[in-house]
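This report examines two regions of one protein chain. Readers are invited to follow the description alongside the displayed structure.

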Amino acid sequence: MAGEALIEMRGVNKYFGSLHVLRDIDLTVDRGEVVVVIGPSGSGKSTLCRTINRLETIDTGTIALAGRPLPAEGRELARLRADVGMVFQSFNLFAHRTVLANLTLAPVKVRRRRREDAERRARELLDRVGLAAHADKYPAQLSGGQQQRVAIARALAMEPEALLFDEPTSALDPEMINEVLEVMRQLAREGMTMVVVTHEMGFARSAAHRVVFMADGAIVEDRPPEEFFTAPESTRAQDFLSKILKH
């Protein structure tokens, strides 16, 4: 899927002390593309995801968004994080604010939206993720799957250019996983640029344009899902898939 590069990582390395967690990462994600990152635990997937909006700094290499290098700090960094939304494993909602207030806080404070406009948009997004009736509830009154759908709506409220998902379903009970994945599939169909770190192979098969397989901090394979799942080239990927498919 050739198009306009939105996220570009070149020669990216990251260390935690003596641990080399990202090794010479080269990755381009085009606008409108869905890239799913998979691999064994400890392979660097989440770290890769978190470097894209500078939640983790890198030691060497470059990362650019729409051709602009990632800013180091300050207002420019806040703007970057508005443009590249992040959905975490643990929802990260403000417990003391209602669902509606969770969605309107950043658009009003960071994007300088008028409160009425932010609330109207927030209600549209809650409707889109199937939670219109829950606007006045607090996060603790919702199930895990509902909280994660609120977190996705909150990220969308900033009208980001891309969304990053770091294991968005791994904290959920099995029956709640599909309600979150269905929202993500719909976003993929609508052309949202997405980088998704996940263990959900069904989502990777059905929604990804490309599957990036990582092991030991490096990208081992980067291929369309039908090629990767039917004929993985590396022994690492073959071993990984044989273990996953047994479960």
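Helices, at least four residues long, and strands, at least two, are DSSP runs numbered from the N terminus. The model discussed here is predicted.

**The loop between α3 and α4**

Arg112 lies in the loop that joins α3 (99–109) to α4 (115–128). Is Arg112 buried or exposed? A residue counts as exposed when its relative accessible area is over 50%. Arg112 has a relative accessible area of 68%, and it is therefore classed as exposed. On the surface, Arg112 belongs to a patch of positive charge together with Arg75, Lys109 and Arg115.

Other arginines take part in salt bridges, of which the structure holds 22. Three of these pairs are listed below.

| Positive residue | Negative residue | Distance, N to O |
|---|---|---|
| Arg111 | Asp83 | 3.0 Å |
| Arg113 | Glu159 | 3.3 Å |
| Arg114 | Asp117 | 3.2 Å |

The pair of Arg111 and Asp83 links distant parts of the chain: Arg111 is in the loop between α3 and α4, whereas Asp83 is in helix α2 (residues 74–83), 28 residues apart. Arg111 is partly exposed at 22% relative accessible area, while Asp83, at 13%, counts as buried.

The pair of Arg113 and Glu159 also connects distant parts of the chain, with their positions 46 residues apart: Arg113 is in the loop between α3 and α4, and Glu159 is in the loop between α5 (144–157) and β7 (162–166). Arg113 is partly exposed, with a relative accessibility of 31%, and Glu159 is likewise partly exposed, at 44%. Both residues belong to a network of salt bridges that includes Arg121 and Glu124.

In the remaining pair of the table, Arg114 is exposed at 51% relative accessible area, and Asp117 is partly exposed at 25%.

**Strand β3**

How many of the residues of strand β3 (residues 34–38) are buried? Five of its five residues are buried, so the strand is mostly covered, buried meaning under 20% relative accessible area. In a regular strand, side chains alternate between the two faces of the sheet. In β3, Val34, Val36 and Ile38 point one way, and Val35 and Val37 point the other way.

Strand β3 pairs with two further strands. With β8 (residues 193–197), β3 runs parallel and is joined by four bridges; here Val37 stands opposite Val197. With β9 (residues 210–215), β3 also pairs in the parallel sense over four bridges, and Ile38 has Phe213 as its bridge partner.

Notes:
Residues numbered from 1 in each chain as written. Predicted model: local features only at pLDDT ≥ 70, side-chain atom pairs only at ≥ 80, totals over all residues. Heavy atoms only, no water. Patch = residues over 30% accessible without salt bridge, like charges linked within 9 Å, V, L, I, M, F, W, Y side chains within 5 Å. Areas by Shrake-Rupley, 256 points an atom, 1.4 Å probe, with all protein chains shown as cover. Salt bridge = Lys/Arg side-chain N within 4 Å of Asp/Glu carboxyl O. Lys, Arg positive; Asp, Glu negative; His and termini not counted. Charge placed at Lys NZ, Arg CZ, Asp CG, Glu CD. Buried < 20%, exposed > 50% of the residue type's maximum accessible area, 1.4 Å probe, protein only. Pairing = 2+ DSSP bridges.
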